[in-house]
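Hi,

Here's the structure I said I'd pass on. Have a look at it first, then read my notes below.

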Amino acid sequence: MRLLLHICCGPCATASVGFWRGRGAELLGFFYNPNIQPLAEHQRRLCGVRDLAEIVGIEVIEDAAHGLEEWFQVESGPGTSRCAHCIRVRLERAAAETIASGCEAFSTTLSISPWQDHDAIKAEGERAAAAFGVSFVYEDLRRLYPETCRLSREWGLYRQKYCGCSLSEWQQVLARKPKVSACS
Ligand code: SF4
């Protein structure tokens with residue numbers, strides 16, 4: 001099977017590539033993550049994916065679109081699930097690229113992360129697949145997450161500290177910030 005693998009970052013691709021190759025898939029990588037803020041972080045992750053591609057020998061199509069204004073609107077919008085929207089945008093683009101590249105199906109490295117919403121990955125992947133007339137292959141790869149940490153350290157890949165959008169960065173900052181007592 002010729003499988004388009006949407007790649008969110010180098011670390012998540014490490015064990016994902018091994019898994020799909022073990023299943024006999026012929027892989028074509030695809031980087032499209034306009035949610036990653038700020039632009040410098042987007043560039044660091046793209047470079048990390050290029051490093052990964054060289055190490056594992058995978059061709060990766062790059063769509064380096066970076067949606068600053070759109071993502072500020074998504075993040076500040078009331079009552080919306082920003083993560084479902086975030087996953088939807090990326091998987092819809094992956095479905096379109098699956099057709100354009102002549103692949104039979106697509107999947108995503110997001111499914112190796114224990115921090116992602118897997119119900120949303122399944123739902124949005126299937127929705128995008130139906131809309132574009134291709135197949136989405138979901139596999140719960142969370143058991144391989146420790147392997148992604150090991151391999152990315154061993155291969156010297158860039159490892160990010162937050163999911164991607166500005167809010168996820170801010171949440172990470174708050175989680176690490178030492179408690180400061182108020183001045184009196
Ligand atoms: S937390 Fe992650 S999945 Fe959710 S909107 Fe932000 S970048 Fe996207």
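Before the notes, one term: a helix here is a DSSP run of H or I at least four residues long, and helices are numbered from the N terminus. Keep in mind, too, that this is a predicted model.

Let's start with the ligand. Helix H4, which covers residues 82-100, gives the most to the shell around the ligand, with 4 residues. The full set of residues surrounding the ligand is Asn 35, Arg 82, Cys 83, Cys 86, Arg 90, Gln 116, Cys 163, Gly 164, Cys 165 and Ser 168. If you sort that shell by class, you get 4 nonpolar, 4 polar and 2 charged residues.

Next, the space where the ligand sits. A general trick helps here: rolling a probe the size of a water molecule over the atoms shows where empty space is left. In this model, the ligand takes up the largest pocket. That pocket has a volume of about 730 Å³. It is lined by 34 residues, and the closest to its centre are Trp 115, Gln 116, Gln 160, Tyr 162 and Cys 163. Which elements give two or more residues to the lining? They are helix H1 (10-22), helix H3 (68-76), H4, helix H6 (145-154) and helix H7 (166-176). H4 comes out on top again, giving the most to the lining of the largest pocket with 5 residues. By class, the lining has 17 nonpolar, 10 polar and 7 charged residues.

Now zoom out to the whole fold. The protein has 7 helices and 5 strands. Following the sequence, you'll meet them in the pattern β-α-β-α-β-α-α-β-α-β-α-α. The 5 strands form an open sheet with parallel pairing, in the order S3-S2-S1-S4-S5. At its edges are strand S3 (60-62) and strand S5 (135-136), each of which pairs on one side only. As a reminder, strands of a sheet pair through backbone hydrogen bonds, either parallel or antiparallel. To see one pairing up close, find strand S4 (residues 105-108), which pairs with S5 in the parallel sense over 2 bridges. There, Phe 106 has Phe 136 in S5 as its bridge partner.

There's also a nice detail in the backbone. The peptide bond from Gln 37 to Pro 38 is cis, with omega near -10°. Pro 38 lies in the loop between strand S2 (26-31) and helix H2 (39-56).

Finally, the overall dimensions. The C-alpha atoms fill a box of roughly 65 × 40 × 25 Å along the principal axes. A compact globule of 184 residues would have a radius of gyration near 16 Å, so the 17 Å of this protein agrees with that.

Cheers

Note on methods. Residues are numbered from 1 along each chain as its sequence is written. This is a predicted model: local features need pLDDT of at least 70, side-chain atom pairs count only at pLDDT 80 or more; totals for chains, interfaces and linings use all residues. Side-chain values use heavy atoms; hydrogens and water are left out. A residue is near a molecule or strand if one of its heavy atoms lies within 4 Å of it. On a 1 Å grid over the protein atoms alone, a cavity is a set of points where a 1.4 Å probe fits but cannot get out, and a pocket is an open set with protein on both sides within 12 Å along at least five of seven lines; lining residues have an atom within 4 Å of a point. A molecule sits in a cavity or pocket if more than half of its atoms lie within 2 Å of its grid points. Ala, Val, Leu, Ile, Met, Phe, Trp, Tyr, Cys and Pro count as nonpolar, Asp, Glu, Lys and Arg as charged, and the others, Gly among them, as polar. Grid points are joined across faces, edges and corners, and a volume is the space filled by probe spheres set on the points. Two strands pair if DSSP finds at least two bridges between them. The radius of gyration is taken over C-alpha atoms; the globule rule is 2.2 Å times the number of residues to the power 0.38.
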